[in-house]
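Here are some short exercises to work through with the model open beside you. Try each task before you read its solution.

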Number of protein chains: 2
Amino acid sequence: MLKAEYRQRGPVPQDVIEAVAFEKPKLNQGEVLIELLAAPINPSDVLTLTGEYGMLPPLPAVGGNEGVGKIVELGPGVNAPAIGQTVLLPVGCGTWRTHLVAQADKLVPLPNEADPKQLSMVSINPPTASLLLSEFVELKPGDWVIQNAANSGVGSYLIQLAKIRGLKTVNIVRRESLIATLKEEGADVVLVDGEDLAARVKEATGGAPIPLGIDAVGDTATGRIADCLAEGATLVNYGMMSGKPCKVSPASLIFRGMTLKGFWLAKWFENASPEEQMAVYGELTKLIACGKLKAPIDSVFSVKEIKHAVALAAGGKRNGKVLVTA
Amino acid sequence: MLKAEYRQRGPVPQDVIEAVAFEKPKLNQGEVLIELLAAPINPSDVLTLTGEYGMLPPLPAVGGNEGVGKIVELGPGVNAPAIGQTVLLPVGCGTWRTHLVAQADKLVPLPNEADPKQLSMVSINPPTASLLLSEFVELKPGDWVIQNAANSGVGSYLIQLAKIRGLKTVNIVRRESLIATLKEEGADVVLVDGEDLAARVKEATGGAPIPLGIDAVGDTATGRIADCLAEGATLVNYGMMSGKPCKVSPASLIFRGMTLKGFWLAKWFENASPEEQMAVYGELTKLIACGKLKAPIDSVFSVKEIKHAVALAAGGKRNGKVLVTA
């Protein structure tokens, strides 16, 4: 049994994490042993390794915040879930590990027939995309939304969810080669970022007002999204792929009445009622299980290959999510 | 009779404006002739000359957006205001002129015994300061507010209004030499801007949470104010003295839940009811007339010296407002 552990944080994330062997733990009353099926490496996981994230676990820690596994052994007094049942791993438990012990009665069972790789990504990116579309501006079918980093995990889910809700999306990417893929996912407009972005967006949308902008990049990219927005619009930042502050002109804020806010799923969790959380996750799990919502996967690595997996996830050159499996 | 006119906009504001003679106009039914007592040169006036402001009048135009004058001649059918009465000039009429014709029944009379120089600044900076304190965050006595450009016109009014309302202010300036003056105006804390600002603010306030930040500078100064704010705070930008975009970290927005907004008095005017406007201006006029609210004045120029006046107002080296008089 292996776990991907880090004992310190540092600027090169693959340098601080390593696969460490551990003994098969003894199961106590009410516990089960789960074998990992799949766990993604999210941008927030990389920022947790480098120490740049807003919430850092005490050290040493095991990487990974979400994933799915299957029950492989039942401890004393446990009748369910059955051996072989697919279950959601508890969020934040350190999911990059071949095996995990958990309390049986806390586990959420998932459909065994659904693709566990797709299900493994349900807890973080899909609710982020869903809530970015619902928490800030009241949108109605036909309304436009613009986002950058449109080929990210969140970006891809956002395109698909917007399509399901009848919204139209302008998607900004850095490479021409991504355009076709995003259009297949349901993107209405895909444009390569650049100085004349606002003019090209206006042309592509026929000048339709865009009340919601979504930024995961920061730096001047934030300002270029701001320049595309309607008067009184809201711009939401949820990531910092550039590693630099968001730059927006006072003209956008003062003369065009824009509001700039941030979104953090962890904070939403703190404030949302269990019913609100269930509503969001219930819808997303169903959509993923039936194949209506999915994310591109670049590659899958075993826990013992964790350094390669993290290096690839942290670099810019991938076409989809990097997953970890047992 | 002279008016300060510009026929084009350009990067050096004193180059585009000049004093131009005009004939004494004939007064029509219901009109009066007003002689200028005082009109300030506000930062927004300078940005209007350079073309950087959010609302630009058609050319040619007369500079200046606010001021006070006294009635010197009554046209046919006019009984009031009386000759010698101090009146508020209509906002946006082009106030840098020795004389102005106006409809008598549209004029707001002001107390003749009050200082016309102080009254001339009532229309723009004081309501901006007042509304920055009231429109964004519900503050109660004892709450802290932080602002930069604290020695500006708005900054000075904000210090005084905050004091009157029982609020505490942290005031950020660029020069040590300004500290004593601002403390005399009622500032609780005055600090010189710099990289370690957040730590120094924390020390000066005993770590009290600051729910409202006010930025008139942009660039990295915006981010330094952001770093001083409490979780869930609002940061309002109303100016761009640096000429550069506002820079705020995604960490402030995402992890600390900050909202960045803009404030524009012209937009507030569009949306506020006449009653709301009267309430704000009534209070401010009273406070200015009785000397409880005042702004430092650097110097007073006649209309024929407009180029010198604008050059001084546009430069960084002044200690108060530059005014124009007949």
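**Exercise 1.** Is the crossing of helix 4 of chain A and helix 11 of chain A left-handed or right-handed?

*Solution.* This is a predicted model: local features need pLDDT of at least 70, side-chain atom pairs count only at pLDDT 80 or more, and totals for chains, interfaces and linings use all residues. Residues are numbered from 1 along each chain as its sequence is written, chains are lettered from A and ligands numbered from 1 in the order in which they are written, and side-chain values use heavy atoms, leaving out hydrogens and water.

Step 1: find helix 4 (residues 125-134) and helix 11 (residues 274-289) of chain A; helices are DSSP runs of H or I, at least four residues, numbered from the N terminus.

Step 2: their axes lie 10 Å apart, at an angle of about 120 degrees. Axes are lines fitted to C-alpha atoms over the stretch in contact, and angles run from 0 to 180 degrees between N-to-C directions.

Step 3: the crossing of helix 4 and helix 11 of chain A is right-handed; in that case the near helix is turned clockwise from the far one by less than a right angle, whereas anticlockwise would be left-handed.

**Exercise 2.** How many residues of chain B are in contact with chain A?

*Solution.* Step 1: counting heavy atoms within 4.5 Å as contact, 26 residues of chain B touch 26 residues of chain A.

Step 2: look for salt bridges (a side-chain nitrogen of Lys or Arg within 4 Å of a carboxyl oxygen of Asp or Glu). The count between chain B and chain A is two.

Step 3: one pairs B:Glu231 with A:Lys267, whose closest N and O atoms are 2.4 Å apart.

Methods
Helix = DSSP H or I, 4+ residues; strand = E, 2+ residues; numbered from the N terminus.
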